[in-house]
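Here's a quick briefing to read alongside the model. Have the sequence open too, and we'll go through it topic by topic.

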Amino acid sequence: MKNQSDKDIDRKIDNELKKKALEKKYGAMFGGTTDLPLEIEKQWLDHIEAFEEKYENAERIKIFKLIGEPKFKPEHELTDEVFSHEIDRLYQVLIENDIALDTLAEVDDREIYRFITEELFYEEVDDMKIPGLRSCFIYEDFHPNARLDIELSIDNFMNFTLGKYDNISGNGYDLAYVDTENFINADGKQVPEKQIVKQINDYLKSYDSFEILKQEIVDIQINEDETDATVKMNLNYNAWIENGKIHQNYCGIATFKLVPSIYGGWGIYQIDMPGWFDVK
């Protein structure tokens with residue numbers, strides 16, 4: 001009869017073989033070590049295998065059919081008296097069928113109802129049911145909110161670029177929200193990409209850190225075609241040197257110009273803020 005130690009060795013071997021099989025068949029990737037008990041790890045691997053098998057064989061199906069083709073009326077036919085009940089009913093049907101819909105900004109309830117019945121119902125998902133697994137949708141992925149995307153780009157620039165986060169490539173700092181390909185200086189002259197990348201990185205390196213004391217957007221102007229925008233912000237921050245012993249305070253109006261990015265969201269192509277260097 002095998003003792004517990006022998007059983008543990010057998011289980012560990014079985015789990016490692018299961019991982020190899022999943023890697024070979026489905027391209028799964030696993031870390032080198034795990035703190036999971038061996039039996040729990042086995043259950044986890046079995047769950048992954050069951051998911052991959054269902055996913056591999058799943059057919060695509062429209063959401064309307066997946067949720068049982070519920071009856072509904074067009075939004076314009078619903079009176080205010082019955083509308084609240086009907087949108088709640090549709091949300092409940094979606095939830096019961098593991099479909100989640102969220103918004104990033106406030107959207108009128110009638111527009112959400114229209115979106116569900118005229119657009120979301122006809123999106124396709126995998127026809128598979130796995131406990132705890134939901135298909136998630138965001139309204140703004142279908143109807144982008146330019147103002148929200150612009151605010152997010154500015155916020156991320158302040159957090160990640162001035163926060164001196166490393167570039168994911170490992171070369172310099174995070175400039176993901178700066179449109180380095182189309183950057184222009186104060187005279188409206190385009191600056192070569194390599195040059196602006198170096199200038200921004202050199203500027204960031206010249207300080208140990210930046211401490212944002214206030215950042216308040218006071219105005220956003222977006223052109224009619226939503227192809228260009230100007231943001232003005234009340235900005236107050238400290239730039240620290242000498243290992244955090246000395247700082248220079250900068251305060252005033254910052255101006256950013258942005259355009260839609262081919263990678264999604266908006267990119268900043270001109271920066272004019274207190275303490276910022278002169279782009280040549």
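Let's start with charge on the surface: Asp88, Glu106, Asp108 and Asp109 make up a negative patch. This is a predicted model, where local features need pLDDT of at least 70, side-chain atom pairs count only at pLDDT 80 or more, and totals for chains, interfaces and linings use all residues. Residues are numbered from 1 along each chain as its sequence is written, and side-chain values use heavy atoms, with hydrogens and water left out.

**Surface patches**

- A patch takes residues with over 30% relative accessible area and no salt bridge, joining like charges within 9 Å and nonpolar side chains (Val, Leu, Ile, Met, Phe, Trp, Tyr) within 5 Å.
- For charges, Lys and Arg count as positive and Asp and Glu as negative, while His and the chain ends are not counted; the charge is placed at NZ of Lys, CZ of Arg, CG of Asp or CD of Glu.
- From the negative patch, Asp88 sits in helix H4 (residues 80-96); helices (H or I, at least four residues) and strands (E, at least two) are DSSP runs, numbered from the N terminus.
- Asp88 counts as partly exposed because its relative accessibility is 47%, given that buried means under 20% relative accessible area, exposed over 50%, and partly exposed in between (1.4 Å probe, protein chains only).
- There's a nonpolar surface patch as well, built from Ile9, Ile13 and Leu17, and together they have about 290 Å² of accessible area. Accessible areas come from the Shrake-Rupley method with a 1.4 Å probe, and for residues only the protein chains shown count as cover.
- Ile13, from that nonpolar patch, belongs to helix H1 (residues 4-26) and is partly exposed, with a relative accessible area of 44%.

**The chain as a whole**

- You'll find 8 helices and 8 strands in the protein chain.
- The chain has 280 residues, and 35% of them count as buried.
- Its accessible surface comes to about 17,600 Å², with 48% of that belonging to carbon and sulfur atoms.
- Take the contacts (heavy atoms within 4.5 Å) between residues at least 6 apart in sequence: 63% of them join residues at least 24 apart.

**Salt bridges**

- Side chains of opposite charge can pair when their charged atoms come close.
- The cut-off for a salt bridge is a side-chain nitrogen of Lys or Arg within 4 Å of a carboxyl oxygen of Asp or Glu, and by this rule the count comes to 11.
- One of them is Arg60 with Asp126, at 3.2 Å from N to O. That pair ties together distant parts of the chain, with Arg60 in strand S1 (residues 60-62) and Asp126 in strand S3 (residues 124-126), 66 residues apart.
- Arg60 is partly exposed at a relative accessible area of 49%, and Asp126 is partly exposed at 21%.
- Glu124 and Lys62 also form a salt bridge, their closest N and O atoms being 3.8 Å apart. Here too, distant parts of the chain are linked: Glu124 is in strand S3 and Lys62 in strand S1, 62 residues apart.
- Glu124 is partly exposed at 36% relative accessibility, and Lys62 is partly exposed at 39%.
- Arg147 pairs with Glu151 in a salt bridge, with the closest N and O atoms 3.5 Å apart. Both lie in helix H7, 4 residues apart, about one turn of the helix.
- Glu111, Arg114, Glu118 and Glu119 are joined into one network by salt bridges that share partners.

**Loops**

- Asn97 is in the loop between H4 and strand S2 (99-102), and it counts as buried because its relative accessibility is 16%. Setting aside its neighbours within four places in sequence, Asn97 is in contact with Leu66, Ile67 and Lys129.
- Phe30, in the loop between H1 and helix H2 (38-57), is buried too, with a relative accessible area of 19%.
- Asn171, by contrast, counts as exposed at 62% relative accessibility; look for Asn171 in the loop between helix H7 (146-161) and helix H8 (193-205).
- Glu226 has a positive phi of about 55° although it is not a glycine, and Glu226 lies in the loop between strand S5 (209-222) and strand S6 (229-241).
- Glu242 also has a positive phi of about 55° without being a glycine; Glu242 lies in the loop between S6 and strand S7 (246-260).
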